[in-house]
Amino acid sequence: MKGGFNGLKGKQISLISIVLMSTTILMWAWEKTPLLTTLVPAETETRLQVSPELRDVVVDRAVPSEQELDVGKGVTTLAEKDARKEEFRAGLGTTLDSGQETHKSDQVTDHVESNGISSSESKEAANVVGEEASNPEERTSVDRRHGEKAEEKNSDLQKPIDPAYTNISVGGNLEDKLTTRMESPGCNYAKGKWVVGDKQPLYSGFGCKQWLSGPWACRLTQRTDFAYEMLRWQPRDCQMEEFEGSKFLKRMQDKTLAFVGDSLGRQQFQSLMCMVTGGNERKDVIDVGMEYGIAQARGDVRPSGWAYRFPSTNTTILYYWSASLCDVQPINPTDPATDYAMHLDRPPAFLVQYLHKLDVVVLNTGHHWNRGKLKANRWVMYVGGQPNKDRKIAMIWKAKNVTVYSVVNWVNSQLPKYPGLKVFYRSISPRHFVGGDWNTGGSCDNTKPMSVGKEVLQDESSDESAAGAVKGTGVKILDITALSQLRDEGHISRFSITAKPGMQDCLHWCLPGVPDTWNEILFNQI
């Protein structure tokens with residue numbers, strides 16, 4: 001070739017072509033060959049790439065959650081939580097589970113009364129005295145010590161780090177490293193709203209006299225507005241199966257359901273008995289209280305509980321009175337005026353003795369944890385079999401949390417022995433006293449439903465103590481706190497059968513009423 005374009009000779013053109021091709025090959029090799037990249041100095045910032053299979057399960061507790069970042073809600077930093085958790089562990093000094101070590105013993109969370117309920121009057125629930133406000137003979141005075149309240153408020157322990165979240169190291173068998181409970185969340189029945197239904201309640205307040213206490217049947221009182229009976233709870237993300245008595249009995253065939261707790265637990269028990277029977281008298285139902293050690297002791301106003309069996313399906317529904325949900329024993333059994341040891345770290349003796357006979361258990365406590373009740377009942381706090389000398393645990397809400405965590409942990413330790421057993425801890429039922437407490441002029445005069453259209457959107461329970469206790473265990477939460485908080489018109493209020501003026505009951509509920517919804521949710525969770 002004698003020439004090329006623009007006068008370039010053939011050798012020049014060939015040389016340029018070789019250079020261009022070499023450059024192209026080099027650039028391509030740079031991108032495709034990782035070895036060549038090591039020749040470049042490292043950048044100032046290094047990013048660790050997490051493999052896809054780990055990305056979804058690793059929980060990095062060094063990064064605070066949205067809740068932990070929200071200082072306005074009173075949530076402390078992780079360092080503060082760790083410090084306070086260690087402080088309580090050192091103060092308790094004993095395990096909560098009868099010599100069996102458990103990671104829950106040091107997890108004390110704040111209770112719903114102090115930061116979980118929207119109305120200001122409900123935030124003082126640690127000083128509740130009117131657990132039986134509708135029964136004057138059981139009322140006691142309030143021991144209001146402002147210095148102690150200030151001490152309790154200032155020394156509140158915040159929600160501890162969830163022990164279910166653990167660091168997962170890279171490498172090895174992933175299943176061996178993962179200790180977080182991986183459960184399907186299912187339906188959160190606590191999220192939703194109240195709507196006006198098109199059906200009457202499952203039973204009438206004029207009936208169900210076989211099971212329903214008269215003071216709780218508001219149809220028998222002077223109350224004239226019963227629109228509250230027509231409200232139905234509608235979960236946000238799922239549909240609730242409609243409750244039917246026959247369907248419930250079939251589901252619970254050859255099984256026993258037990259409510260263990262205070263008078264709000266008794267209301268839930270009576271509500272369920274009325275729902276199952278439709279409020280009709282049932283002569284075929286058998287009293288089987290003696291099978292569970294339930295009897296009325298001499299001098300008692302009422303028996304320690306009730307137990308009834310439906311012969312058609314061999315279904316037993318019972319209630320056992322345990323206001324504190326811990327073991328309470330006379331210090332001197334031979335002395336009628338003796339004090340009683342309330343063992344904060346022991347479950348009720350009834351559960352220990354009869355758990356093997358139960359299939360579904362619903363636990364609750366809350367409104368008896370106040371100085372007035374402890375004084376009236378002559379209860380003395382015990383921990384580790386000895387009188388409690390720890391001033392921090394002596395604070396009412398902390399003592400209550402020790403008991404809640406203790407009983408949940410004990411029940412959880414029993415679940416492997418009874419694979420079919422289902423246990424629920426029912427969150428606290430809110431009070432609605434306005435302008436005072438049960439014995440200082442507090443009232444709840446609203447009788448018209450104001451909750452229609454208002455939604456509960458929170459993912460976690462307002463009762464942080466209950467939610468914290470069950471987390472990471474086989475015990476489930478029956479979360480009724482936030483949805484019940486919207487129903488201030490559903491209480492017994494100033495109405496009574498005798499029509500005599502007196503103190504208002506803004507703690508217990510009219511039946512039929514809000515506790516029916518608790519049982520509908522329970523029916524769907526069983």
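These are my notebook entries on what I looked up in this predicted model.

**Entry 1: the whole chain**

I started with the overall counts. The protein chain has 17 helices and 16 strands. I then checked burial, and buried residues come to 48% of the 526 residues in the protein chain. For the surface, I noted that the protein chain exposes about 26,400 Å². Carbon and sulfur atoms supply 53% of that exposed area.

I also looked at how far contacts reach along the sequence. Taking contacts between residues at least 6 apart in sequence, 77% join residues at least 24 apart.

**Entry 2: α10 against α17**

At what angle do α10 and α17 pack? I found about 75° between helix α10 (residues 263-277) and helix α17 (residues 514-525), and their axes are 9 Å apart. Angles of 65 to 115 degrees count as roughly perpendicular, so α10 is roughly perpendicular to α17.

Next I listed who meets whom. From α10 I wrote down L264, Q267, Q268, S271, L272 and M275. Across from them, α17 brings P515, D516, W518, N519, E520 and L522. I sorted the residues of this contact by type and got six nonpolar, four polar and two charged.

**Entry 3: the cis bond before α17**

I went through the peptide bonds and stopped at L511 and P512. The bond joining them is cis, with omega at about 0°. I placed P512 in the loop between β16 and α17. I flagged this one because most peptide bonds are trans.

**Entry 4: Q504 and its partners**

Where does Q504 sit? I found Q504 in the loop between β15 (491-493) and β16 (505-509). Is Q504 buried or exposed? Its relative accessibility is 10%, and buried means under 20%, so Q504 counts as buried.

I then looked for polar partners of the Q504 side chain. One polar contact goes to the side chain of D445, at 2.9 Å. Another joins the side chains of Q504 and S493, at 3.2 Å.

**Entry 5: S493, the partner in β15**

I followed the second contact over to S493, which is found in strand β15. Phi of S493 is near 60°, a positive value in a residue other than glycine. I made a note of that because most residues other than glycine have a negative phi. S493 is buried, with a relative accessible area of 4%.

**Entry 6: N314, another positive phi**

I came across another case at N314, where phi is near 55°, again positive in a residue other than glycine. I located N314 in the loop between β5 (305-310) and β6 (315-321). Does N314 count as buried or partly exposed? I got 35% relative accessibility for N314, and partly exposed covers the range between 20% and 50%, so N314 counts as partly exposed.

**Entry 7: C444**

I put C444 in the loop between β12 (422-426) and β13 (455-456). C444 has 5% relative accessibility and so counts as buried.

Which residues is C444 in contact with, leaving aside its neighbours within four places in sequence? I listed H432, D488, H491, S493, Q504, D505 and C506. That list includes S493 and Q504, the pair whose side chains I had already noted in a polar contact. For H432 I also took the C-alpha to C-alpha distance to C444, which is 6.1 Å, with their positions 12 residues apart in sequence.

**Entry 8: H343**

Last, I looked at H343, in strand β8 (residues 340-343). H343 has 7% relative accessibility, so I marked H343 as buried. Not counting residues up to four places away in sequence, H343 touches C326, D327, Y382 and G385. I also noted V328, which is 15 residues from H343 along the chain. The C-alpha atoms of H343 and V328 are separated by 6.2 Å.

Terms used: Residues numbered from 1 in each chain as written. Predicted model: local features only at pLDDT ≥ 70, side-chain atom pairs only at ≥ 80, totals over all residues. Heavy atoms only, no water. Axes fitted to C-alpha atoms, helices over the stretch in contact; angles between N-to-C directions. Helix = DSSP H or I, 4+ residues; strand = E, 2+ residues; numbered from the N terminus. Parallel < 35°, antiparallel > 145°, perpendicular 65-115°, else oblique. Contact = heavy atoms within 4.5 Å. Nonpolar A, V, L, I, M, F, W, Y, C, P; charged D, E, K, R; others polar. Buried < 20%, exposed > 50% of the residue type's maximum accessible area, 1.4 Å probe, protein only. Areas by Shrake-Rupley, 256 points an atom, 1.4 Å probe, with all protein chains shown as cover. Polar contact = N/O pair within 3.5 Å; in protein donor to acceptor, adjacent residues only side chain to side chain.
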